[in-house]
Amino acid sequence: QVQLVESGGGLVQAGGSLRLSCAASGSIVSINAMGWYRQAPGKQRDLVAGVTSGGSTQYADSVKGRFTISRDNAKNTVYLQMNSLKPDDTAVYYCNADVRVLGVGTYTARYWGQGTQVTVSS
């Protein structure tokens, strides 16, 4: 199967920056879309940003102009650069990938990272 390993979360003051990374490994034939989601206490898990294999991106309205998603296809890695952070950005951030997997033949499946905590203080 496939594993997604995240890193880069932490505690920052409002206005600061963090860069999240997510590396995929396992029986990967190719990766289609990759994205970042976040979930705050008592809230649903929502899409923050996504990027296709061709480099097309999309962002939640709340992070446009502040966050940038990118990927390194050779390393099966996706990044989220977060600038001008606000207390409302505090959440657990999860990496997600739509992967073509080698098993009994090939198939597509979605995988989640373990989550990384981002806390922004005022």
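Biologist: OK, so two strands count as paired when DSSP finds at least two bridges between them. How many bridges join strand 2 to strand 11 here?

Modeller: There are 4 of them, and strand 2 (residues 10-13) runs parallel to strand 11. Leu-11, for instance, stands opposite Thr-119 in strand 11. Keep in mind that this is a predicted model.

Biologist: Got it. And which way do strand 9 and strand 11 run, parallel or antiparallel?

Modeller: Antiparallel, with 3 bridges joining strand 9 to strand 11. If you want a spot to click on, Ala-91 stands opposite Val-118 in strand 11.

Biologist: Which side chains of strand 11 are buried?

Modeller: Thr-116, Val-118 and Val-120 are, and they point to one face. Gln-117, Thr-119 and Ser-121 point to the other face and aren't buried, so the side chains alternate along residues 116-121.

Biologist: Nice. New topic: how many disulfides does the structure hold?

Modeller: Just 1 disulfide. Cys-22 and Cys-95 form it, with their sulfur atoms 2.2 Å apart. Cys-22 sits in strand 3 (residues 18-26) and Cys-95 in strand 9, so the pair, 73 residues apart, links distant parts of the chain.

Biologist: Are those two cysteines buried or exposed?

Modeller: Cys-22 is buried, because its relative accessibility is 0%, and buried means under 20%. Cys-95 also counts as buried, at 0%.

Biologist: And why is the disulfide called left-handed?

Modeller: Because the torsion about the S-S bond of Cys-22 and Cys-95 is about -85 degrees.

Biologist: What else touches Cys-22?

Modeller: Thr-77 is one contact. Leaving aside neighbours within four places in sequence, Thr-77 also contacts Ala-23, Ser-70, Arg-71 and Asp-72. Thr-77 belongs to strand 8 and is buried, with a relative accessible area of 8%. Its side chain reaches the backbone oxygen of Lys-75 at 2.9 Å.

Biologist: What about the nonpolar core, then? Which residues have the most contacts inside the largest one?

Modeller: Leu-4, Trp-36, Phe-67, Val-78, Leu-80, Met-82 and Tyr-93, in a core of 30 residues. Strand 9 gives the largest share of this core, 6 residues.

Biologist: Let's pick Phe-67. What does Phe-67 touch?

Modeller: Not counting residues up to four places away in sequence, Phe-67 touches several residues, including Leu-80, Met-82 and Tyr-93. Arg-38, Gln-81, Asn-83 and Asp-89 are also among them.

Biologist: Now the loops. Where is Lys-86?

Modeller: Lys-86 is in the loop between strand 8 (77-82) and strand 9 (91-103). Its relative accessible area is 43%, so Lys-86 is partly exposed. Lys-86 and Ala-14 are 72 residues apart along the chain, yet their C-alpha atoms are separated by 5.0 Å. If you skip neighbours within four places in sequence, Lys-86 contacts Arg-66 and Val-120.

Biologist: In that loop, what's the phi of Ser-84?

Modeller: Near 50 degrees, which is a positive value in a residue other than glycine. Ser-84 is in the loop between strand 8 and strand 9, and counts as partly exposed because its relative accessibility is 42%.

Biologist: And what's the phi of Asn-76?

Modeller: Near 50 degrees, a positive value, and Asn-76 isn't a glycine. Asn-76 is in the loop between strand 7 (67-72) and strand 8. At 25% relative accessible area, Asn-76 is partly exposed.

Notes
Residues numbered from 1 in each chain as written. Predicted model: local features only at pLDDT ≥ 70, side-chain atom pairs only at ≥ 80, totals over all residues. Heavy atoms only, no water. Helix = DSSP H or I, 4+ residues; strand = E, 2+ residues; numbered from the N terminus. Buried < 20%, exposed > 50% of the residue type's maximum accessible area, 1.4 Å probe, protein only. Contact = heavy atoms within 4.5 Å. Disulfide = S-S within 2.5 Å. Polar contact = N/O pair within 3.5 Å; in protein donor to acceptor, adjacent residues only side chain to side chain. Core = buried A, V, L, I, M, F, W, Y, C linked by side-chain atoms within 4.5 Å.
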